[in-house]
Structures are given as C-alpha cells and as structure tokens.
Amino acid sequence: MSQLNSSATPTLIAKDGTRILDGWALLNDEDVVGADGPYVLGFERALTELPGLNGRYGVRVNPGDDIRLLTPYMEKIALVEVNFPGYRDGRGYSTARILRSDLNYQGEIRAVGDVLRDQLFLMLRCGFNEFVLKDADPEGAIKAATDRFENAYQTAADARQPIWALRQKLTEA
C-alpha cells in the first residue's frame, strides 16, 4: 500500500535514497533562456530552440511526447524530466526505457508528477534515477523499492538478469 501523504513536501531523491538539492528551473514558454541556468524546457520548446542553444539543458516530457524526436540534441540534454500527470498513465516508463536502451542516454532521468512509492521498483528498472516523491518517508520508499524483489521475470534497462537467464546458467553449469 502506498505511503502517499498529502501533507508531505515533495522531495527530490536519488535512486540510492539520498536527498538532492534541485538546481534546475522549469521555464514557461514565455520565459527567456538566460545565462543563469540550468533550465528545463518544455518538450515543444526544446524541439524548436535546442538546435540554436549552446550548453546543457533539461527537457520536460509529457505523455504522448516522442522522445526519439530529441535524438539529434542528446548531447545538449543533461536531464529529462518525465511527467506523470496521473499514476495510472504508464507511458513515462516507455520514455525512460527508450532513453536508456534505445538511445543509450547516460544523463539523469527524473520522474515528476504523481509519483508513488508503489511505482519506484519498476521506475528504477526502466532507468529512472531521480524522483520527486511526495511521501512521508522518501528515503524509506527507495529502500523498500530496491529491497522489494530479489529476481525479475523480464529484461529491462537495469543490469538485473531475468530469472529465466539465471536458471539457464544453472542448467548449463
């Protein structure tokens, strides 16, 4: 059961359970990109402005945005914020997996929005490494997620081998 606490302050937390100070600023479409970043741009704005910008930026991706469209600009993207407007919308998992597995993205992938402790295990498997979590015990939520299952049934963006591969190794030995 989720430990979502509506009175808890959203906390930025890393995949190892440590709290992170957020130095990024999400720009509105009308805000000017200045020299005092780092800035997170909306997806459409990133598509139009990243070709002419120097430096490294963040991009906010919403459900339905095709992350592959940003492929030519990956060297300029240091952070991808994947927005979960509702916990039932799982398209963000695919975005993270595409970034890690298909595009070999090595930067930060941050889950924002309606992020619940019950989702953390799968988010970690898909390649997320930062979370804005509204939970009474965010550090405990990460620990619970990493300790939750010893084995997995399928491959993912993480290094965990699926149980079938482990079984096969045992039979070959």
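## A walk through the aromatic pairs, helix α2 and the core

Select Phe 84 to begin: this residue is buried, with a relative accessible area of 1%. One thing to keep in mind as you click around is that you are looking at a predicted model.

**Stop 1: the ring partners**

Keep Phe 84 on screen and add Tyr 93. Tyr 93 is also on the inside, counting as buried at 18% relative accessibility, where the cut-off for buried is under 20%. How many aromatic pairs are there by the ring-centre rule? The count comes to four. In the pair formed by Phe 84 and Tyr 93, the ring centres sit 5.6 Å apart and the planes meet at 70°, so this one is edge-to-face; the label applies to planes over 60 degrees apart.

Now jump to Phe 121 and Phe 149. Here the ring centres are 4.9 Å apart with the planes at 65°, so this pair is edge-to-face as well. Colour by secondary structure and you'll find Phe 121 in helix α3 (residues 120-126), while Phe 149 belongs to the loop between α4 (138-147) and α5 (163-172), so the pair ties together parts that are 28 residues apart in sequence. Are these two buried or partly exposed? Phe 121 counts as buried, at 9% relative accessibility, whereas Phe 149 comes out as partly exposed at 39%.

Before moving on, go back to Phe 84 and Tyr 93 and add Phe 128 and Phe 131 to the selection. Those four residues make up one aromatic cluster.

**Stop 2: helix α2**

Tyr 93 is a handy way into the next stop, as it is among the buried residues of α2. Select residues 91-102 to see the whole helix: twelve residues, reaching 16 Å from the first C-alpha to the last, which is close to the 16 Å expected at 1.5 Å a residue.

Which residues of α2 are buried? Show side chains for Gly 92, Tyr 93, Thr 95, Ala 96, Ile 98, Leu 99 and Arg 100. To see what lies over them, bring up β4 (57-61), β5 (77-84), β6 (108-113) and α3, which are included in the cover.

Zoom in on Thr 95, one of the residues of helix α2. Thr 95 is buried, with a relative accessible area of 8%. Setting aside neighbours within four places in sequence, its contacts are Val 61, Ile 67 and Val 82.

Then slide just past the end of the helix to Asn 104, where phi turns positive, at about 55°.

**Stop 3: charged pairs**

Time to switch on the Asp, Glu, Lys and Arg side chains. Across the whole structure, a search turns up 14 salt bridges.

Start with Asp 102 and Arg 97, whose side chains meet in a salt bridge at 3.3 Å, N to O. Asp 102 is partly exposed at 44% relative accessible area, and Arg 97 is partly exposed at 33%. While the charged side chains are showing, pick out Asp 22, Arg 60, Glu 81, Arg 110 and Glu 130: salt bridges with shared partners join them into one network.

Next, select Asp 89 and Arg 91. Their side chains form a salt bridge at 2.7 Å, N to O, and Arg 91 is partly exposed, with a relative accessible area of 46%.

A third one to look at is Arg 68 with Asp 66, a salt bridge at 3.7 Å, N to O. Arg 68 counts as partly exposed at 41% relative accessibility, and Asp 66 is partly exposed too, at 32%.

**Stop 4: the nonpolar core**

Hide the charged side chains and head inside. The largest nonpolar core has 39 residues, and Leu 50, Leu 70, Leu 120, Met 123, Phe 128 and Phe 131 are the ones touching the most other members. Which element gives the most to this core? That would be α3, with five residues.

Centre the view on Leu 120. Leaving out neighbours within four places in sequence, Leu 120 is in contact with Val 115, Phe 131, Leu 133, Ala 141, Ile 142 and Ala 145. Phe 131 should ring a bell, being part of the aromatic cluster from the first stop.

For a last click, pick Ala 144, which has its place in helix α4. Draw a C-alpha to C-alpha distance to Leu 120: the two residues are 24 apart in sequence and 8.9 Å apart in space. Ala 144 itself counts as partly exposed, at 39% relative accessibility.

Note on methods
Residues numbered from 1 in each chain as written. Predicted model: local features only at pLDDT ≥ 70, side-chain atom pairs only at ≥ 80, totals over all residues. Heavy atoms only, no water. Phe/Tyr/Trp six-rings, centres within 6.5 Å; stacked < 30°, edge-to-face > 60°. Buried < 20%, exposed > 50% of the residue type's maximum accessible area, 1.4 Å probe, protein only. Helix = DSSP H or I, 4+ residues; strand = E, 2+ residues; numbered from the N terminus. Expected span 1.5 Å × (residues − 1). Contact = heavy atoms within 4.5 Å. Salt bridge = Lys/Arg side-chain N within 4 Å of Asp/Glu carboxyl O. Core = buried A, V, L, I, M, F, W, Y, C linked by side-chain atoms within 4.5 Å.
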